[in-house]
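Please open the model in your viewer and set the display to cartoon, with side chains ready to be switched on for individual selections.

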Amino acid sequence: MRHLLNPLDFSVEETARLLDLATDIERNRDKYKDICKGKKIATLFYEPSTRTRLSFEAAMINLGGSALGFSSASSSSASKGESVSDTIRMVSCYADICAMRHPKEGAPTVASLKSRIPVVNAGDGGHQHPTQTLTDMMTIRSLKGRLDNLTIGFCGDLKFGRTVHSLIESLVRYPNVKFILISPPELRVPSYIREDVLEANNIPYKEVTSMEESLPELDILYMTRVQQERFFNEAEYLRLRDTYILDKAKMALANKDMLVLHPLPRVNEISVEVDDDPRAAYFKQVQYGVYVRMAIILTLLGLDKEVQ
Amino acid sequence: MLNVGSIKEGFVLDHIKAGKSMEIYHYLGLDKLDCQVAIIKNAKSNKMGHKDIIKIECPIDVINLDVLGYIDHNITVNIIHDSAIVDKQKLTLPKSMKNVLKCVNPRCITSIEQELDQIFILTDEKKKVYRCRYCEEKYNKL
């Protein structure tokens with residue numbers, strides 16, 4: 001039995017197969033509409049995340065299956081002190097696959113050790129969010145036609161932004177990818193990303209503080225939100241929140257085919273005036289997210305070959 | 001010259017960096033074992049100047065010495081049987097360690113589910129990097 005806990009659980013070849021399947025789902029929705037008939041996904045969300053939970057549930061429903069679960073720890077047995085290990089043993093009796101979001105890092109790994117059904121990490125603290133990473137990769141591949149030969153700028157909270165860490169770790173596996181890391185000094189990427197991922201793989205990168213100077217160089221601009229829930233100190237959060245705001249004037253500095261991605265939700269880091277710009281890809285990303293999660297469900301349930 | 005009697009069955013851990021013996025005593029959980037332990041601190045050593053030595057009288061399968069490779073691979077492990085050295089164990093970095101190190105990441109699942117085993121995996125042998133099995137946080141050696 002296979003789980004998805006980290007985006008690197010899939011090799012480059014497996015990732016290509018998964019994204020091919022997601023693309024086929026996008027093009028031939030009807031072909032997949034009953035493939036999971038009678039199957040259930042349990043969405044175990046110990047912290048709220050409307051978009052991710054609905055995306056998983058929509059993915060299973062699109063495949064002909066159904067969904068059950070909870071959307072906050074307070075509405076689950078966790079509020080009575082039940083451990084993740086016990087909860088997953090119980091859920092293994094009710095569902096065929098589960099997606100777990102948990103504020104504590106490593107909780108889905110703990111679940112996978114006791115589970116009798118595939119576990120998908122739907123985000124664990126500041127650690128990993130593999131389905132978001134695969135969604136980001138599908139967005140880039142679908143709209144740019146490639147995952148190699150790209151200059152990608154990450155902007156905002158690069159310290160706590162798990163989507164940034166996961167996407168960098170995934171993209172360094174492709175040839176000729178360069179990174180420009182735009183952040184205030186306090187929110188630079190952690191040292192392990194610099195040393196163990198970028199430098200260890202001889203990947204060209206630079207760390208800068210100016211968004212304007214970097215924009216003309218980019219094929220992709222990946223914006224992030226400064227996440228209040230990752231700060232123990234409110235004053236620090238408020239000080240850093242408004243450092244970078246992407247607006248129409250800044251977009252004028254960018255290439256005409258640069259894409260703007262964002263894992264959403266945004267607060268104020270992308271002005272709404274950018275939404276109508278054809279380069280704004282963050283809402284398309286949401287749609288790709290459903291196709292990717294459909295492909296993940298099929299792959300982990302071993303149903304991916306049934307329609308090939 | 002200080003004399004400590006020889007042991008019949010167990011281990012003699014030699015060439016411990018001076019001052020490190022109490023740390024090893026705790027890492028090995030010797031405080032929890034009902035056996036004779038002799039700790040010799042600051043013994044004279046031609047090779048090291050000063051060194052610590054630990055003698056443990058116990059069955060040889062009682063203690064997992066893997067952790068020593070993590071603490072200091074220069075320690076010499078002499079295995080004693082019938083009062084004689086029968087083997088000298090070469091220390092290597094353990095691939096994983098269970099309930100030896102503790103994850104200090106306040107966001108780790110082990111911070112709230114304390115019945116979980118504390119497992120650390122060797123992820124970079126060259127740099128001696130261990131990461132938490134769950135949250136993958138790097139363990140910073142004290």
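This tour moves through strands of chain A in a predicted model.

Begin by selecting residues 66-70 and 119-124 of chain A, which are strand 2 and strand 4, the edge strands of a sheet, each pairing on one side only. That sheet is open and has four strands in the order 2-1-3-4, with parallel pairing. If you look along the sheet, neighbouring strands are turned by 15 degrees against each other on average, with direction ignored.

Next, add residues 97-102 of chain A, strand 3, which runs parallel to strand 4 and is joined to strand 4 by four bridges. To see one matching position, show Met100(A), which stands opposite Asn121(A) in strand 4.

Now go to residues 220-223 of chain A, strand 8, and switch on the side chains: Ile220(A) and Tyr222(A) point one way, whereas Leu221(A) and Met223(A) point the other way, and all are buried. In a regular strand, side chains alternate between the two faces of the sheet.

With strand 8 still displayed, which strands of chain A pair with strand 8? Select residues 150-155, strand 5, which runs parallel to strand 8 and is joined to strand 8 by four bridges. Then select residues 259-261, strand 9, which pairs with strand 8 in the parallel sense over three bridges.

Finally, centre the view on Leu221(A), which is the bridge partner of Gly153(A), and then show Val260(A) in strand 9, which is the bridge partner of Leu221(A) as well.

Key. Residues numbered from 1 in each chain as written. Chains lettered and ligands numbered in written order. Predicted model: local features only at pLDDT ≥ 70, side-chain atom pairs only at ≥ 80, totals over all residues. Heavy atoms only, no water. Buried < 20%, exposed > 50% of the residue type's maximum accessible area, 1.4 Å probe, protein only. Helix = DSSP H or I, 4+ residues; strand = E, 2+ residues; numbered from the N terminus. Pairing = 2+ DSSP bridges. Axes fitted to C-alpha atoms, helices over the stretch in contact; angles between N-to-C directions.
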